[in-house]
Amino acid sequence: MARAFSNILLKGIAGLPAARSSRIVSGSFYHQTINFSTTIPSSPDTHEDFQPTSKVESSGMSLKDIVEQDVKENPVMVYMKGVPDYPQCGFSAAAVRVLKHYNAPLSARNILEDPELKMAVKSFSNWPTFPQIFIKGEFIGGSDIIMDMHRSGELKQKIEDVAANQKSE
């Protein structure tokens with residue numbers, strides 16, 4: 001009885017249009033009008049303890065300083081759409097996949113969470129698109145450049161240098 005009920009339930013859920021849609025574009029299901037957001041707008045009805053805060057803003061540093069610190073302190077820094085475990089664009093996903101192939105010590109920031117951070121990164125690198133990858137403090141470029149470096153073997157050398165520096169510290 002329980003098995004029959006669970007099969008009916010699963011078939012019912014699988015039959016819903018939202019369950020069949022697996023493509024997410026710009027915060028909404030592609031074939032549906034269901035929207036979602038990871039940020040909550042400020043509301044006067046919300047107690048200040050529950051107001052959304054930006055970790056970047058609450059650090060007391062300027063965004064330019066934060067970007068400089070990120071790039072300086074992290075051997076491989078990626079500014080991307082999403083996070084390494086859940087990239088939110090194909091280019092970010094490709095860059096992370098290649099870097100993970102080399103077991104690179106990967107650090108990342110999600111530029112979708114803070115539009116001002118996104119602008120600060122663009123200004124810092126003088127590069128308009130994302131993801132933006134920095135290795136040992138040097139701006140490398142985006143996913144297309146990482147892919148070309150991977151094919152030529154140049155990326156392997158840069159990542160091995162990062163790993164060697166990590167072991168010596």
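On one side of helix α3, K64, K72 and E73 are exposed. The opposite side tells another story: L63, I66, V67, D70 and V71 are the buried residues of this helix, which spans residues 63-73. Seen down the axis of α3, these buried residues fall within an arc of 130°, so they line one face of the helix. The spacing fits a general rule. An α-helix has 3.6 residues a turn, so residues three or four places apart point the same way. As for what sits over that buried face, the cover includes β3 (76-80), β6, α5 and β7 (132-135).

All of this comes from a predicted model, so a word on confidence is in order before going further. The mean pLDDT of the chain is 77, with 61% of the residues reaching 70 or more. One stretch needs some caution: over residues 16-39 pLDDT stays under 50, and the model has 25 contacts for this stretch beyond four places in sequence. Where pLDDT is low, the predicted coordinates should not be read in detail.

Taken as a whole, the chain has seven helices and eight strands. Of its 169 residues, 30% count as buried. Looking at contacts between residues at least 6 apart in sequence, 53% join residues at least 24 apart.

Next comes the sheet. Four strands make up an open sheet in the order β6-β3-β7-β8, and the pairing is mixed. At the edges stand β6 and β8 (138-141), each with a single partner strand, so one side of each is left without a neighbour in the sheet. From one strand to the next, the twist averages 25°. In general, strands of a sheet pair through backbone hydrogen bonds, either parallel or antiparallel. Here β3 and β7 pair in the antiparallel sense over four bridges, and V76 stands opposite I135 in β7. The pairing of β7 with β8 is antiparallel too, over three bridges, and F134 has F139 in β8 as its bridge partner.

Both F134 and F139 turn up again around S125, a residue of helix α5. Leaving aside residues up to four places away in sequence, S125 touches Q132, F134 and F139. S125 counts as buried because its relative accessibility is 12%, below the 20% cut-off.

Two more helices lie across the sheet. Helix α4 (residues 90-101) lies across β3, β6 and β7, running at about 165° to β3. Helix α6 (residues 143-152), by contrast, lies across β7 and β8 and runs at about 90° to β8. In α6, the residues S143, I146 and M149 are buried. Down the axis of α6, its buried residues fall within an arc of 125°, so they line one face of the helix. The face turned away from that buried side carries the exposed residues R151 and S152. Just after α6 comes G153, with a positive phi of about 90°.

The loops have some oddities of their own. Most residues other than glycine have a negative phi, and most peptide bonds are trans. N103, in the loop between α4 and β6, goes against the first habit: its phi is near 55°, a positive value in a residue other than glycine. N103 is exposed, with a relative accessible area of 68%. K136 also has a positive phi, of about 50°, although it is not a glycine. K136 belongs to the hairpin of β7 and β8, which has two residues between the strands. At 41% relative accessibility, K136 counts as partly exposed. The exception among peptide bonds is found between F130 and P131, which are joined by a cis bond with omega of about 10°. P131 itself is in the loop between α5 and β7.

A last loop residue worth a look is D114, placed between β6 (106-110) and α5 (115-125). D114 is buried despite its place in a loop, with a relative accessible area of 9%. A polar atom of the D114 side chain lies 3.1 Å from the backbone nitrogen of E116.

Technical notes
Residues numbered from 1 in each chain as written. Predicted model: local features only at pLDDT ≥ 70, side-chain atom pairs only at ≥ 80, totals over all residues. Heavy atoms only, no water. pLDDT = per-residue confidence, 0-100. Contact = heavy atoms within 4.5 Å. Buried < 20%, exposed > 50% of the residue type's maximum accessible area, 1.4 Å probe, protein only. Polar contact = N/O pair within 3.5 Å; in protein donor to acceptor, adjacent residues only side chain to side chain. Arc of directions from axis to C-beta. Pairing = 2+ DSSP bridges. Axes fitted to C-alpha atoms, helices over the stretch in contact; angles between N-to-C directions.
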